[in-house]
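Reader: I've just pulled this one up and would like a tour. Let's start with the charged pairs and move on from there.

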Amino acid sequence: MQRGILDAMKQLLVIHLNKDISSEFDTFLGQEIEIVRRGCGGDAEVARQLISDYDGRVAAIALEGLPARLDLGTQHRTHVEGETLPGMAQETPVVDGRGIRAGLERWGVILADRAEPGIFSEKRVLMAPGLNHKGLAQALGRHSSHIRYADPVLYFALPYFPGVGSKFTLQQAAGPTLEQLKEAPFRRITPQPGDPGSSRNEDPFNWADVLAGDIGAIRRYAPPALRHKTVVVEWASEEDLQDLRRRGAAIAITIMPSLTEKGGLGRWSAATVEAALVALRADPHAPLTEDTYLDLLADIEWSPAIRYLQPEEANINRFAFVIHPLNVSFIHKHSMFRWTR
């Protein structure tokens with residue numbers, strides 16, 4: 001690859017936590033881009049070397065699963081290794097998805113509810129995890145008061161008992177949780193699919209109607225049976241959907257926009273989507289702020305992907321809502337409820 005960013009087509013480097021290497025072409029905002037994926041195996045030193053090697057050769061670098069900052073509830077901490085990575089590049093912008101994740105999560109939940117009214121209404125929601133998914137937790141909290149956090153179970157294998165993971169104890173637990181995770185390996189912070197080193201308590205997963213968070217954490221720690229559950233994640237691959245389908249999950253929703261089609265499966269992480277937005281700025285000197293991203297996102301015809309995973313459930317209307325009377329006097333006038341006068 002010649003040094004210098006190609007004028008005809010933007011190239012992105014996505015550094016991820018596994019070890020595979022791939023490259024593919026996509027079209028986003030009317031422009032063709034090449035997405036080059038390189039695995040670092042969760043090794044910060046390998047990630048630093050990749051950033052250094054590609055600095056100035058690509059339009060943007062995405063750090064997928066290598067966050068610079070950790071957020072949980074109202075608490076946040078910088079990750080000791082993660083915060084050092086963006087500064088390794090002298091020319092190329094380096095992003096980790098934090099610039100767009102929360103906003104797109106909030107908007108994605110709104111759009112999903114418009115597409116399927118009542119899909120989240122008063123469902124029991126388990127954030128798996130809540131870490132770095134503040135926007136998703138806030139948005140789902142507007143539809144249900146039944147929200148719990150799997151973070152203590154996922155990250156520390158704590159036993160599950162009443163109060164653990166509730167939103168009422170979140171503020172007390174958030175600070176100590178982040179203190180423990182700020183020096184943790186990246187693959188612990190962002191779990192990948194596979195067999196866990198030790199099993200996790202299944203009770204919070206069994207309690208929930210909706211599992212929301214990271215597909216890797218859900219695939220790794222959720223029980224084998226997920227019958228009738230809705231899974232809401234940032235992004236997912238077809239392989240991820242196949243696994244959820246085998247476990248009996250009913251619906252999968254990917255929040256991030258598809259780079260190719262409206263309503264297409266969100267296959268790219270927030271870090272990748274943010275890197276694409278950075279690369280396609282009309283003004284390469286425009287600041288990497290929410291306003292810049294919103295200007296670009298305004299040109300996208302976007303809706304989250306909602307996939308029914310079990311054919312026999314695809315046409316079932318499982319979402320109920322109540323139409324409230326305009327005035328309480330309407331109740332008194334009905335023949336069945338005149339006694340309420």
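Reader: How many salt bridges does a search of the whole structure find?
Author: Bear in mind that this is a predicted model, where local features need pLDDT of at least 70, side-chain atom pairs count only at pLDDT 80 or more, and totals for chains, interfaces and linings use all residues. Residues are numbered from 1 along each chain as its sequence is written, and side-chain values use heavy atoms, with hydrogens and water left out. A salt bridge is a side-chain nitrogen of Lys or Arg within 4 Å of a carboxyl oxygen of Asp or Glu. On that basis, the number found is 15.

Reader: How many residues apart along the chain are Arg77 and Glu179?
Author: These two form a salt bridge, with their closest N and O atoms 2.7 Å apart. Arg77 sits in strand β6 (residues 75-78) and Glu179 in helix α5 (residues 167-181), so to speak distant parts of the chain, and the separation is 102 residues. Helices (H or I, at least four residues) and strands (E, at least two) are DSSP runs, numbered from the N terminus. So the answer by the definition of that pair is 102.

Reader: Why does Glu179 count as partly exposed?
Author: Buried means under 20% relative accessible area and exposed means over 50%, with partly exposed in between (1.4 Å probe, protein chains only). Glu179 gets the middle label because its relative accessibility is 36%.

Reader: How many residues lie between Glu239 and Arg219 along the chain, counted as how far apart they are?
Author: Glu239 and Arg219 pair up in a salt bridge, closest N to O at 4.0 Å. The two come from distant parts of the chain, helix α9 (residues 238-247) for Glu239 and helix α8 (residues 215-221) for Arg219, and they are apart by a residue count of 20.

Reader: Is Asp243, another partner of Arg219 in a salt bridge, buried or exposed?
Author: The side chains of Asp243 and Arg219 meet at 3.0 Å, N to O. This pair also links distant parts of the chain, helix α9 and helix α8, 24 residues apart. Arg219 has 13% relative accessibility, and Asp243, like Arg219, is buried.

Reader: Which residues are linked with Arg219 in a network of salt bridges?
Author: You've already met two of them, including Glu239, which counts as exposed at 54% relative accessibility. The residues linked with Arg219 are Glu239, Asp240, Asp243, Arg246 and Arg247.

Reader: Which residue's backbone oxygen does the side chain of Arg281 reach?
Author: Arg281 is in the loop between α10 (270-279) and α11, and it counts as buried at 12% relative accessibility. Its side chain gets to 2.8 Å from the backbone oxygen of Val278.

Reader: What is the C-alpha separation of Phe28 and Val273?
Author: Phe28 belongs to strand β2 (residues 21-28) and is buried, with a relative accessible area of 2%. Val273 is 245 residues away along the chain, yet the C-alpha atoms are separated by 9.5 Å.

Reader: Which peptide bond is cis, with omega near 0 degrees?
Author: Look in the loop between β8 (125-128) and α3 (134-141), where Pro129 has its place. The cis bond runs from Ala128 to Pro129.

Reader: What is the phi of Glu122?
Author: Glu122 lies in the loop between α2 (101-115) and β8, and counts as partly exposed at 47% relative accessibility. Although Glu122 is not a glycine, its phi is positive, at about 50 degrees.

Technical notes: A polar contact is a pair of N or O atoms within 3.5 Å; within protein, one must be able to donate a hydrogen and the other to accept it, and residues adjacent in sequence count only if both atoms are side-chain atoms.
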